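I opened the notebook to record, entry by entry, what I looked up in this structure. The entries follow the order in which I went through it.

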Amino acid sequence: MHLHHAMLAAAFLLVSGRAAAQDTPRPRTDDARVPSGLGALGLHFQVTEPRGEFAANTNNGFGLGGYVLRALDRDKLLNVRGDFSFVSYANSRRRIPLAGTGGLVQLDLRTSSNIMSVVAGPQLLGPTGAFTPYATVLGGFSVFWTESNVEGSQNVNSPFARTTNSSDAVWAYGGAVGSYLRLTGGNFPVRLDLGARFLRHDDVRYLTSDRVRQAFENNAVPVPVRGRADFITYYLGANIIAF
């Protein structure tokens, strides 16, 4: 089953489960406290899995993400979520000589290809308790860029030369499914947040490791690939009720 089909099914199950849970009155104790509260913050580690033609050109990416969650109704069924994420899907380092030194001074040429995404949308929570599933619809934008910099081979300071080889900003849309698992109680409960997010980008320019290598070997300007770029982000982190 495709991920977007799973998201629709998860949203239906969340609403059905929440309605069934509300039919049975229960005391509002600390154990029954809804995970979203009025607002929550999250931070997670992420691994991306490229899909479709993007998978044919790139490998997995790694990075960090965060989000803000705000309840919109009294029962905290409907929330609004804003996500920010950064991943790097290609990195390389090449040793090159400094011109005019006869190879006595070596430099490091580093190239990294990255994706930054900023998306937001409604999030539905399922039945509350120690384990709470959720489903989210998201839309926003992503920036794909590749940059190269040069630094001394034993340099501990900032690079002394930097170039952006390619950059493109495009619309992004998709959704996420996941669950919260409560770890601690108290006024600021902490939950384990485990989920997956799918983002689609219909037309974007980006560089691949092969295009960067070809440009370096031919002493030429790298030519970006252009096309659709979809990927799934698997994430694991913490969610904290902050307000």
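Which backbone nitrogen lies 3.3 Å from a polar atom of the side chain of Asp 230? I began with this question, bearing in mind that the model is a predicted one, and I found that the backbone nitrogen belongs to His 201.

**Entry: Asp 230**

I placed Asp 230 in strand β8, which spans residues 225-241. Its relative accessible area came out at 7%, and because buried means under 20%, I entered Asp 230 as buried. Besides the approach to the backbone of His 201, I noted a polar contact of 2.5 Å between the side chain of Asp 230 and the side chain of Arg 228. Setting aside neighbours within four places in sequence, I listed Pro 50, Arg 51 and Phe 54 as contacts of Asp 230, together with Phe 198, Leu 199, Arg 200 and His 201.

**Entry: Ala 196**

I then turned to strand β7, residues 190-206, where Ala 196 lies. Ala 196 has 11% relative accessibility and therefore counts as buried. I looked up its C-alpha distance to Thr 233 and read 5.5 Å, although 37 residues separate the two in sequence. With residues up to four places away left out, Ala 196 touches Gly 175, Ala 176 and Val 177 on the one hand, and Ile 232, Thr 233, Tyr 234 and Tyr 235 on the other.

**Entry: strands β2 to β6**

I followed the strand pairings next, starting with β2 (residues 61-71) and β3 (residues 78-97), which pair in the antiparallel sense over 10 bridges. Within this pairing I noted that Phe 62 has Ser 88 in β3 as its bridge partner. The hairpin of β2 and β3 has 6 residues between the strands, and Lys 76 takes a positive phi near 65 degrees there.

From β3 I went on to β4, and found the two running antiparallel and joined by 19 bridges; Leu 78 has Leu 124 in β4 as its bridge partner.

β4 and β5 also pair in the antiparallel sense, over 17 bridges, and here I recorded Phe 144 in β5 as the bridge partner of Ile 115. In their hairpin, with 5 residues between the strands, I noted Gly 129 with a positive phi near 150 degrees.

For β5 and β6, which run antiparallel, I read 20 bridges, and I saw that Leu 138 stands opposite Gly 174 in β6. I also checked how covered β5 is, and found 17 of its 22 residues buried.

**Entry: Ser 148**

Is Ser 148 buried or exposed? I located Ser 148 in strand β5 and read a relative accessibility of 13%, so Ser 148 counts as buried. Its side chain and that of Thr 111 are joined by a polar contact of 2.8 Å. Not counting neighbours within four places in sequence, I found Ser 148 in contact with Leu 109, Arg 110 and Thr 111, and also with Ala 161, Arg 162, Thr 163 and Asn 165.

**Entry: the second largest pocket**

I came across Ser 148 again in the lining of the second largest pocket, where Leu 109, Ser 148, Asn 165, Phe 216 and Ala 220 lie nearest the centre among 16 lining residues. For the space in this pocket I noted about 320 Å³. I looked up which elements supply the lining, and found that β4 (106-125), β5 (131-152), β6 (161-184) and α3 each give at least two residues, while the largest share, 4 residues, comes from β6. Sorted by class, the lining has 8 nonpolar residues, 6 polar residues and 2 charged residues.

**Entry: Asn 219**

My last stop was the loop between α3 (209-218) and β8 (225-241), where Asn 219 is placed. Asn 219 has a positive phi of about 50 degrees although it is not a glycine. I read 74% relative accessibility for Asn 219, and since exposed means over 50%, I entered Asn 219 as exposed.

Notes: Residues numbered from 1 in each chain as written. Predicted model: local features only at pLDDT ≥ 70, side-chain atom pairs only at ≥ 80, totals over all residues. Heavy atoms only, no water. Buried < 20%, exposed > 50% of the residue type's maximum accessible area, 1.4 Å probe, protein only. 1 Å grid on protein atoms, 1.4 Å probe; cavity = no way out; pocket = protein on both sides within 12 Å on 5 of 7 lines; lining within 4 Å. Points joined across faces, edges and corners; volume = space filled by probe spheres on them. Nonpolar A, V, L, I, M, F, W, Y, C, P; charged D, E, K, R; others polar. Pairing = 2+ DSSP bridges. Polar contact = N/O pair within 3.5 Å; in protein donor to acceptor, adjacent residues only side chain to side chain. Contact = heavy atoms within 4.5 Å.
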